[in-house]
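Biologist: Before we begin, could you take me through the features of this model one at a time, giving the general idea and then the case at hand?

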Amino acid sequence: MTAETGNLSKSNSFALQDKLFEGTTRFFALLVLVTLLAIIGSLFMGSWQTLSQTGPKFFATNTWDPVKSAFGGLAPLWGTIITATIALVIGVPLSFGIAVFLTEMCPPVLKRPLGTAVELLAAILSIIYGMWGLFIFAPLFAETLQPFMIATLGKLPVIGILFQGTPNGFGVFTAGLILAVMIIPFIAAVMRDVFETTPPILKESAYGLGATTWEVVWNVVLPYTKAGVIGGIMLGLGRALGETMAVTFVIGNAYKISPRLFDPGNSIASSLANEFNEASDPAHLSALITLGLTLFVLSFVVLAISRWMLASLTAKEGKRT
């Protein structure tokens, strides 16, 4: 009878612990949801003046004049998208190459030091990247690579206009390059980790059938780790979209839209960093908060696209099977 009472007491204790654990996890999950809704609500409240008075015109005009209370968010939105695109175009292939080298071709004696170096690059503060871009990279870029690109790529048909302009070292292209340097460690580290999760037997089987290293990576490793690879790219894109100080230092901070990548521009994050503390006019403050809401929606769209890509790849795999 005593043993049965002890077992019943233990059972009740375990049930209480399970309920406590379930309640705690549910609370924190709901807390995240409530926090997200609170952020969205506060952004909508802060931007309501701009959304109600200007409406969709805010996203289609390029005028930004705090003196006349005329605000249009097209230039910062354009600069954010262009700089993030440049960062991805440069950063993703380099990150992929780094990850492939570390997992498939790197000598064992170098694998750990190089992997640690990549992770250390990810730990550098954004303001350090910005200062490096301002004082070292931009002057060097203006003296060497930028004139060369203007003299060669700038004379190509169609795309040549992208690489024309004055070689001053600052501009949208410079900001994109700095962002590429910043996101490479993140994407490369994630890709390396997910590549290492591929079962060795799959790769060894492909090598046994005569596949090359590239064929193994492209046909075995990438299909097996596609979810992690896309997640790493989206992580890098998220940082590129929201990066503030590094972009503010080198983008030029001009509210203008130009087809030339070497011209100065602006981004949503740099606009907020430059003007939020000095925005005393309610209309100015509301316009800046609207830019923040736009960045939030843009990040949500990027996340939705990544989910759609994963679902599409999974559906195609099912059809092939």
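Biologist: Which residue forms a salt bridge with Arg 239, and how far apart are the closest N and O atoms?

Modeller: Keep in mind that this is a predicted model. A salt bridge is read from a side-chain nitrogen of Lys or Arg within 4 Å of a carboxyl oxygen of Asp or Glu. Here Glu 243 is the partner of Arg 239, with the closest N and O atoms 3.7 Å apart, and Glu 243 is buried, since its relative accessible area is 7% and buried means under 20%.

Biologist: How many salt bridges does the structure hold, and which residues are linked in a network of salt bridges?

Modeller: The structure holds six salt bridges, and a network of them links Glu 119, Arg 192 and Asp 193. Within that network, the side chains of Glu 119 and Arg 192 meet at 2.7 Å, N to O. This pair links distant parts of the chain, as Glu 119 lies in helix H3 (residues 108–122) and Arg 192 in helix H6 (residues 172–195), 73 residues apart. Glu 119 is partly exposed at 41% relative accessibility, whereas Arg 192 is buried at 11%.

Biologist: What does a salt bridge look like when both partners lie in helix H1?

Modeller: Arg 26 and Glu 22 both lie in helix H1, four residues apart, which is about one turn of the helix, and their side chains meet at 2.7 Å, N to O. Arg 26 counts as partly exposed at 44% relative accessibility, and Glu 22 is partly exposed as well, with a relative accessible area of 42%.

Biologist: Which helix gives the largest share of the nonpolar patch on the surface?

Modeller: For such a patch, one joins nonpolar side chains that have over 30% relative accessible area and no salt bridge. In this model the patch has about 810 Å² of accessible area together, and its members include Leu 125, Trp 132, Val 181 and Met 245. Helix H4 (residues 126–143) gives the largest share, six residues. Ile 127, one of the patch residues, has its place in helix H4 and is partly exposed at 37% relative accessible area.

Biologist: How is empty space found, and what lines the second largest pocket?

Modeller: Rolling a probe the size of a water molecule over the atoms shows where empty space is left. The second largest pocket holds about 160 Å³ of space, and its lining includes Gln 49, Lys 57, Phe 71 and Ala 283. The elements that give two or more residues to this lining are helix H1 (2–53) and strand E2 (70–71), with the largest share, three residues, coming from H1. By residue type, the lining divides into three nonpolar, seven polar and one charged.

Definitions and conventions. Residues are numbered from 1 along each chain as its sequence is written. This is a predicted model: local features need pLDDT of at least 70, side-chain atom pairs count only at pLDDT 80 or more; totals for chains, interfaces and linings use all residues. Side-chain values use heavy atoms; hydrogens and water are left out. Patches are made of residues with over 30% relative accessible area and no salt bridge: like charges are joined within 9 Å, nonpolar side chains (Val, Leu, Ile, Met, Phe, Trp, Tyr) within 5 Å. Accessible areas come from the Shrake-Rupley method with a 1.4 Å probe; for residues, only the protein chains shown count as cover. Buried means under 20% relative accessible area, exposed over 50%, partly exposed in between (1.4 Å probe, protein chains only). On a 1 Å grid over the protein atoms alone, a cavity is a set of points where a 1.4 Å probe fits but cannot get out, and a pocket is an open set with protein on both sides within 12 Å along at least five of seven lines; lining residues have an atom within 4 Å of a point. Grid points are joined across faces, edges and corners, and a volume is the space filled by probe spheres set on the points. Ala, Val, Leu, Ile, Met, Phe, Trp, Tyr, Cys and Pro count as nonpolar, Asp, Glu, Lys and Arg as charged, and the others, Gly among them, as polar.
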